[in-house]
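Good morning, colleagues, and thank you for joining. I should like to take you through one structure, beginning with its enclosed spaces and then turning to charged and aromatic side chains.

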Amino acid sequence: MTVHPSLQSSIDAWTHSIEAITELVTPLAEGEWSRATDLPGWSVRDVVSHIIGLECEMLGDPRPIHSLPRDLYHVQSESARRMEVQVDVRRHHTALEMVSELEYTVIRRSRQLRNETRQPDALVRSPFDEDRTLDFVLRLRAFDVWVHEQDLRRALGQPGNLDSPGAQVARDILVKTLPIVVAKKAQAPAGSAVVFDVTGPLEFMRTVRVDAEGRGTVDGSVSLGPTVTFALDWDVFARLACGRTRPQAVADQVKIDGDQELAATILERFAITP
């Protein structure tokens, strides 16, 4: 047996982003690894450490036995503590050590993915220490690696790959969360229609409709007389949805028509990642 066809797109997206990350960081000087990213408390080194650590866990490697310092201000939950262990254990690694471990991990993980024979609905242990389907976990890894590729690109001043296979996986995942953002988190009233008109490298338009019971659905049809319309660039959409920027910081890049109060509430609750 070979890789199930429905898994291939996630694997391809992951491969594209992880190889782009390797190309980005391989030539970096020692000091550049300490550049700050949009993630509180995390440098370029820390983001790469996080990627290495999660891929090692997907390979089945044992988690490091490591005690975190008590003064890490950005670690404020148990899930954050779990993620931080793989990061903190590498905080003093040199550029050469980081690149070497990244390359070796990518080789091992790529081999594992090429030899994957399980079905998409097979249950596997996710990096969040829960059982999820293989299909879900692979899509999540493709999403996570693309988002972190963008974190690194912004920190290093090297934009790119906003329309890559990973970007398309990210778009699909983020679009699916829109009903939760609008109907559940922002509590948009029954009968509302909220339009997201996204331009740039990935163009799309989606309408979230809230039914009489307060449930939200999303589709690509045009809404006549929407309650709110957001017009924004894909990069801004992704940064807001992934919690990389605050609405106030990009207010001049988001055009809003309609109910301004509801729009502000939606933007305040837009981030789906901590």
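Let me begin with the second largest cavity, where helix H1 (5-25), helix H4 (95-114) and helix H5 each supply at least two residues of the lining. Please bear in mind throughout that this is a predicted model. H1 provides the largest share of that lining, namely three residues. The residues around the second largest cavity are Ser10, Ile11, Trp14, Arg109, Leu113, Leu138 and Arg141. Sorted by class, they comprise four nonpolar residues, one polar residue and two charged residues. The space in this second largest cavity is about 30 Å³.

How many cavities of 30 Å³ or more are counted? The count is two.

The largest cavity holds about 60 Å³ of space. Its lining draws at least two residues from each of helix H5 (134-156) and helix H7 (234-241). H5 contributes the most here, with five residues. The lining of the largest cavity consists of Trp146, Val147, Gln150, Asp151, Arg154, Asp235, Ala238, Arg239, Cys242 and Arg244. As to the character of that lining, four residues are nonpolar, one is polar and five are charged.

Some of those charged residues return in the next topic, salt bridges. Asp151, Arg154 and Arg244, which line the largest cavity, belong with Asp38 to a network of salt bridges. In total, the model has 27 salt bridges. As a general remark, side chains of opposite charge can pair when their charged atoms come close.

Two further examples deserve a closer look. In the first, glutamate 116 and arginine 118 form a salt bridge through their side chains, at 2.8 Å from N to O. Are these two partners buried or exposed? Glutamate 116 is buried, because its relative accessible area is 6%, under the 20% limit for that class. Arginine 118, at 38% relative accessibility, is partly exposed.

The second example centres on arginine 215. This arginine forms a salt bridge with aspartate 211, with the closest N and O atoms 3.4 Å apart. Arginine 215 also meets glutamate 213 in a salt bridge, listed at 3.4 Å from N to O. Where do these residues stand in terms of exposure? Glutamate 213 and arginine 215 are both exposed, whereas aspartate 211 counts as partly exposed, at 27% relative accessibility.

I turn now to the aromatic side chains. The structure contains eight aromatic pairs. One of them joins phenylalanine 196 and phenylalanine 270, whose ring centres lie 5.8 Å apart; their planes make an angle of 25 degrees, and therefore the pair is stacked. This pair connects distant parts of the chain, since phenylalanine 196 belongs to strand S3 (residues 193-199) and phenylalanine 270 to the segment after helix H8 (260-268), 74 residues apart. Phenylalanine 196 is buried, with a relative accessibility of 1%. Phenylalanine 270 is likewise buried, at 3%.

Another pair consists of phenylalanine 204 and tryptophan 234. Their ring centres are 6.1 Å apart and their planes stand at 70 degrees, so this pair is edge-to-face. Here too distant parts of the chain are linked: phenylalanine 204 sits in strand S4 (residues 204-210) and tryptophan 234 in helix H7, 30 residues apart. Phenylalanine 204 is buried at 7% relative accessibility, and tryptophan 234 is buried at 0%.

Which residues form the aromatic cluster? Its members are Trp146, Phe196, Phe204, Phe230, Trp234, Phe237 and Phe270. Both pairs just described thus have their residues within this one cluster. Trp146 takes us back to the start of the talk, as this residue also lines the largest cavity.

Finally, a brief word on helix H3, which spans residues 78-88. The buried residues of H3 are Met83, Glu84, Val85, Gln86, Val87 and Asp88. Among the elements that cover them is helix H2 (44-58).

To recapitulate, I have described two cavities of 30 Å³ or more, a total of 27 salt bridges and eight aromatic pairs. H5 gives the most to the lining of the largest cavity, while H1 holds the largest share in the second largest. Thank you for your attention.

Terms used
Residues numbered from 1 in each chain as written. Predicted model: local features only at pLDDT ≥ 70, side-chain atom pairs only at ≥ 80, totals over all residues. Heavy atoms only, no water. Buried < 20%, exposed > 50% of the residue type's maximum accessible area, 1.4 Å probe, protein only. Helix = DSSP H or I, 4+ residues; strand = E, 2+ residues; numbered from the N terminus. Contact = heavy atoms within 4.5 Å. 1 Å grid on protein atoms, 1.4 Å probe; cavity = no way out; pocket = protein on both sides within 12 Å on 5 of 7 lines; lining within 4 Å. Points joined across faces, edges and corners; volume = space filled by probe spheres on them. Nonpolar A, V, L, I, M, F, W, Y, C, P; charged D, E, K, R; others polar. Salt bridge = Lys/Arg side-chain N within 4 Å of Asp/Glu carboxyl O. Phe/Tyr/Trp six-rings, centres within 6.5 Å; stacked < 30°, edge-to-face > 60°.
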